Amino acid sequence: MSCRPRYCVRRRHIRRTMRRSRCACAAGTSISPRFPAWSRTNLSARPKTRQATETENHMTKGTYINIKRFEIHDGDGMRTTLFLKGCPLRCKWCHNPEGLSTKPELGFYAHKCTVCGRCAAACPTGAHRIVDGVHRFDRAKCIACGKCESVCFSDALIFYGKRATAAELLPKLLEDKAFYDHSGGGVTLSGGEPLLQADFCRELLTALHGAGVNTAVDTCLAVPEANLRKVIGLADSFLVDVKAIDSDLHRSLCGLPNERILQNLRLLDALHQRVEIRIPFVPGQNAGEMEKIADFLATLTCVVGVRVLPYHNLSGTKYESLDLRYPLAAVDTPIPTAAETEAARDVLAARGIRVLR
Ligand code: SF4
Ligand code: SF4
């Protein structure tokens, strides 16, 4: 058996080993049979600050909402999607309100509560009370410790904002590797906006690449260019939301102007990244932007396809569970018909853009 290049998962020592499954370093951590992307850089030239050392050891903690397996709409093939917490935008039609705040928080789904009282007994701050057979939840008292979620057997309490390092999440994300390999799938980082936690994303993508897993980042690109650059070369593809080209309209719909988003998209184009565009199609909000979006996308060479996502209003209970107001609750926003969605796709196809379904 010949020597093969390997690397130590925790210490990142590159070794040539024969039949060894342990690194020779003091940590003695297991070694992977593949070189990760970072190993193709000159390691000796990298600064060894405390922060760099922690990053190399996959110690940055990420805050996430959920892990979904067997996803088929978050990139190529069958995928596992990790939803990270926190988003800089406030799109009126957002259907993941649990991903907006960067802080951990508790969702209380009152319609599922059986008023068993276990959460009241478990809560250290008295945020849950059962009064005259009715469950009262005082969010102001909640310190987001997550203890009540684990004692609720009715799924009435969901804790959004678990924290973990890349090394801690990796085993879970690799559970379906056989399906990824068979279907051409992999792991997608989504949110919220994953690139708000760019260091964590970088560490996780590095580890996934080291394990031979295809990676994708689902992003709104409303982040500093430096954050985006941290994952260039580690994401096999980007799934990018484009909501409007008119910046004033974008600000009114999503809370921020779009110059940074379009600039980052042009950067991905210049760096020859693989990009799939997603356009939320919301009648009465951004439906009139389709031609401008198509004209802009036609100037890019990085776009492998565009997906039009028709609006739906199925996220109302999530807003209620977080004591948030659904921005479109009082606005008459019709669900687009199949013909309207098809007409939007035709606008893109007429510019020679590949439309995905
Ligand atoms: S533990 Fe769950 S079901 Fe029981 S009272 Fe609390 S929220 Fe309701
Ligand atoms: S998350 Fe912690 S503090 Fe908040 S309600 Fe549950 S047990 Fe109480």
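How many helices and strands does the chain have? With the whole chain displayed, the viewer shows 11 helices and 16 strands. The model is a predicted one, and the stops below proceed from the overall chain to the ligand and then to a single residue.

**Whole chain.** Begin with a surface representation. The accessible surface of the chain amounts to about 17,000 Å², and carbon and sulfur atoms account for 52% of that area. Of the 357 residues in the chain, 48% are buried. Contacts may be displayed next: where the two residues are at least 6 apart in sequence, 68% of the contacts join residues at least 24 apart.

**Ligand 1.** Select ligand 1 and the residues that surround it. The shell includes Cys113, Thr114, Val115, Cys116, Gly117 and Cys119. His135 also belongs to the surroundings of ligand 1, as do Cys152, Ser154, Ala156 and Leu157. Colouring this shell by class gives seven nonpolar residues and four polar ones, while no charged residue is present.

**Ser237.** Move next to strand S13, which spans residues 237–241, and select Ser237 within it. Is Ser237 buried or exposed? Its relative accessible area is 6%, under the 20% cut-off, and Ser237 is therefore classed as buried.

To see what lies against Ser237, leave out residues up to four places away in sequence; Ser237 then touches Thr215, Ala216, Val217 and Arg274. As a last step, add Asp76 to the selection and draw a distance between C-alpha atoms. Ser237 and Asp76 stand 161 residues apart along the chain, and their C-alpha atoms are separated by 9.2 Å.

Conventions
Residues are numbered from 1 along each chain as its sequence is written. Chains are lettered from A and ligands numbered from 1 in the order in which they are written. This is a predicted model: local features need pLDDT of at least 70, side-chain atom pairs count only at pLDDT 80 or more; totals for chains, interfaces and linings use all residues. Side-chain values use heavy atoms; hydrogens and water are left out. A residue is near a molecule or strand if one of its heavy atoms lies within 4 Å of it. Ala, Val, Leu, Ile, Met, Phe, Trp, Tyr, Cys and Pro count as nonpolar, Asp, Glu, Lys and Arg as charged, and the others, Gly among them, as polar. Helices (H or I, at least four residues) and strands (E, at least two) are DSSP runs, numbered from the N terminus. Buried means under 20% relative accessible area, exposed over 50%, partly exposed in between (1.4 Å probe, protein chains only). Contact means heavy atoms within 4.5 Å. Accessible areas come from the Shrake-Rupley method with a 1.4 Å probe; for residues, only the protein chains shown count as cover.
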